[in-house]
Amino acid sequence: MTAPAPLLEVKDLKTHLHLRRGIVRAVDGISFEVHEGETLGLVGESGSGKTMTCLSILRLLPRHGGGRIDGSIKLDGAELTTLSEGEMAQDIRGQQVAMISQDPMTSLNPVFTVGDQVSGPFLYHKLVRTVREAWKKAAEGLRRVRIPSPEQRLKNYPHQFSGGMRQRVATAMAIACSPRLLIADEPTTALDVTIQVQMMALLKSIQRDSKVGIILITHDLSIVAGLCHRIAVMYAGRIVETGKVRDIYKNPAHPYTQALLEAIPHLGQKRERLAAIPGQPPSLLDPPAGCRFAPRCPKRMSICDEYPPATNIGDGHVVHCWLKAKQ
Amino acid sequence: MTAALELRNLTKHFDVRTERGRGVVRAVNDVNLVIPDGQTVALVGESGCGKTTIAKLVLMLEQPTGGAVMFEGRTLTDMSRRELKNYRRHVQAVFQDPYASLNPRLKVAKIISEPILAHDRPERAALRKRVLELLDIVGLPATAADLYPHEFSGGQRQRIAIARALALQPKVIILDEPISALDVSIRAQILNLLMDIQKQFGLTYLLIAHDLALVEHLSTQVAVIYLGSVVESGPSAEIFAAPKHPYTQALLNAVPRPDPDFVPVAAESFDDTGSALAPPGGCKFHPRCPHVMPVCKTTDPALTPLADGRRAACHLLTAEHSH
């Protein structure tokens, strides 16, 4: 059986920010794939490079950050890194790759009605000719994300929506042009648990209907368990472990993944004491030369001063750790 | 078991102006809660349910509309200035965001000694010794004393905030989302520290958190709050094992777990949380409740003690009780 070509193929992506203080290696040589209709969970702490990875795909790096992107990003086989800014804006962003950001309070413009904003993508990408048609499409969009009485709600401003409803509006904007790939950056962190579940169910049903590929960025391993097909764990700008969701939870291979699962309290598994990870994540200005996790790793060896190679331990479960490296 | 703090019929209403004229936000309604000595009581609920308002009432950052906070058998509003100063010494707080709660212009030694200087007049050498002792308790080196907050990471800053809360040897510490602003790999360090100092100094914690897994881990008692009222309270082991109130059940079922086979249950209703400005009549949870009965729409159920020592406010449970 030949696997179908991936929807998104990232190879050896490096995003370095050239600042006055030095070079911040925000993303330092990562490779991954996302297939059609698949959800990839990109898990990591703040500063691990997960958001920078996605901003690199969209080429939305901070303007004054001196960001440089190296490596290859292919969407449906077409290289994105060589496209001009105009081509990215017109053909890719919003059209093929869309993003839902963490905080719907800041991602929506408070001085425009929701209708103005949700109809925007249709007009910008010239999918409709008149504003009236765009609003009609926008109402359909709100119906797709199950906002009740969409025609009336289009005339409201973002502050008249609750947090969960606002995130639905942001989702409606993101899926307006039926993108191939949806990047959701901590889409539920700002929401209450009860609303969080509804949001996750919504993403799932959108994916069922449209076969969209989703990259779900999160710091919380519990959230991705129910929603993702595969998971990539990032630490200090590198992916340390990738695999099917079941393998990652039942059989985590990298000491960092193991430690992450141990260090957080989980509902229904009360323990006397949590196994804390000592120290703190390294500075990306001057990361350790070898394995990035080595300074905090309980199983550290002398060979960890060299970066461990990728080792496939079965069924697409790949880990970067000397403990698993083939001798 | 004596009570460190007790909330009696605590009520806080805020007057607001809306498009339709004046309104009253019923942030906290008739809350009764005992916070026993040496235990950790957690307030749980969705955002806007009033848990932070309760903490503010306890810290006297807000004055109650009705009811009272009791400390060592005395009502706060009846206390003399001297007694209030004593109260403030014994009730300290650790806040969510250690980037906002530490003054960036003060050195760590000054931050930690401020509460001491507000209450006592120690000699310089004794003060310095106490600061270093506190730094040692929270696991920071003595050299930290002469640095500024920006020279520390989030986890270390939270340690400084904990040292400041410990400075006056308090009896009670209010923990308002103590780890949610920290990196995931740092959280366990701070949680373990909080549990260690509780044991070491016999502290009582009032924990406010939205992360139910954290609450289960840290607390001995839980009070589940919905739109300003306690709907279920009792020992956390029992409530987490078998929640009785439909709202508690909905909350617990919604929490994601690190298990690919676990499917969180989405609430059917797409209504968001009701508003404290215009709470629904009868049981406030009835528009979202899967077990709603006619009586729920007319009568607000009272918080009733159940056989296993917990209390819950639900017509389903009282009906069961009377049979």
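**A buried proline, its helical surroundings and the two-chain contact**

Apart from its neighbours within four places in sequence, A:Pro187 is in contact with A:Ile100, A:Gln102, A:Gln167 and A:Met199. The model is a predicted one, and this proline is a handy place to begin looking around chain A. A:Pro187 sits in the loop that links β7 (181–185) to α8 (193–210) of chain A. With 29 other C-beta atoms within 10 Å, and 20 or more being enough to count as buried, A:Pro187 is therefore buried. A second residue helps to place A:Pro187 on the screen: A:Ala201 is 14 residues away in sequence and 12 Å away in space, C-alpha to C-alpha.

The loop between β7 and α8 of chain A also holds A:Glu186. The phi angle of A:Glu186 is near 45 degrees, which is a positive value in a residue other than glycine. A:Glu186 has 19 C-beta neighbours inside 10 Å and so counts as partly exposed. A positive phi turns up as well at A:Asp12, where the angle is near 50 degrees, again in a residue other than glycine. A:Asp12 belongs to strand β1 (residues 8–19) of chain A. Because A:Asp12 has 11 C-beta neighbours inside 10 Å, it counts as exposed.

Two of the contacts of A:Pro187, A:Gln167 and A:Met199, lead to a pair of helices. A:Gln167 is among the residues of α7(A) that meet α8(A), along with A:Gly163, A:Gly164, A:Arg168 and A:Thr171. On the α8(A) side, the residues that take part are A:Ile195, A:Gln198, A:Met199 and A:Leu202. By class, this contact has 3 nonpolar, 5 polar and 1 charged residues. The axes of α7(A), residues 163–174, and α8(A) come within 10 Å and cross at roughly 20 degrees. Angles under 35 degrees count as roughly parallel, so α7(A) and α8(A) are described in that way. The crossing of α7(A) past α8(A) is right-handed.

Further along chain A, helix α11 (residues 255–263) has buried residues at A:Pro255, A:Tyr256, A:Thr257, A:Ala259 and A:Leu260. Their cover includes α9 (221–225), β9 (230–235), β10 (238–244) and α10 (245–250) of chain A. Chain B has a part in this too, since α6 of chain B is included in the cover of the buried residues of α11(A).

That helix leads on to the contact between the chains. In total, 36 residues of chain B are in contact with 40 residues of chain A. On the chain B side, the elements that give two or more residues are α6 (184–201), α7 (212–218) and α9 (246–254) of chain B. The most comes from α6(B), with 8 residues. Sorted by class, the residues of chain B that touch chain A are 21 nonpolar, 8 polar and 7 charged.

Within chain B, B:Val138 offers another useful landmark. B:Val138 lies in the loop between α4 (124–137) and α5 of chain B. It has 23 C-beta neighbours inside 10 Å and therefore counts as buried. Leaving aside neighbours within four places in sequence, B:Val138 is in contact with B:Arg159, B:Ile162, B:Ala163 and B:Leu193. The C-alpha atoms of B:Val138 and B:Ile190 are separated by 9.1 Å, although these residues are 52 residues apart along the chain.

Helix α5 (residues 154–166) of chain B leads on to a sheet. This helix lies across β6 and β7 (172–176) of chain B and runs at about 175 degrees to β6(B). The sheet is open, with 8 strands in the order β6-β7-β8-β3-β9-β10-β12-β11 (chain B) and mixed pairing. At its edges are β6 (91–94) and β11 (304–305) of chain B, each of which pairs on one side only. Within the sheet, β9 (residues 221–226) and β10 (residues 229–235) of chain B run antiparallel and are joined by 6 bridges. B:Ile225 stands opposite B:Val230 in β10(B).

The beginning of chain B holds another antiparallel pair. Strand β1 (residues 3–18) and strand β2 (residues 21–36) of chain B are joined by 12 bridges. β1(B) and β2(B) form a hairpin, with 2 residues between them. B:Ala3 has B:Pro36 as its bridge partner in β2(B).

Technical notes
Residues numbered from 1 in each chain as written. Chains lettered and ligands numbered in written order. Predicted model: local features only at pLDDT ≥ 70, side-chain atom pairs only at ≥ 80, totals over all residues. Contact = placed C-beta atoms within 7 Å. Helix = DSSP H or I, 4+ residues; strand = E, 2+ residues; numbered from the N terminus. Nonpolar A, V, L, I, M, F, W, Y, C, P; charged D, E, K, R; others polar. Buried ≥ 20, exposed ≤ 12 C-beta atoms within 10 Å, placed from the backbone. Axes fitted to C-alpha atoms, helices over the stretch in contact; angles between N-to-C directions. Parallel < 35°, antiparallel > 145°, perpendicular 65-115°, else oblique. Left-handed = near helix turned anticlockwise from the far one by under 90°. Pairing = 2+ DSSP bridges.
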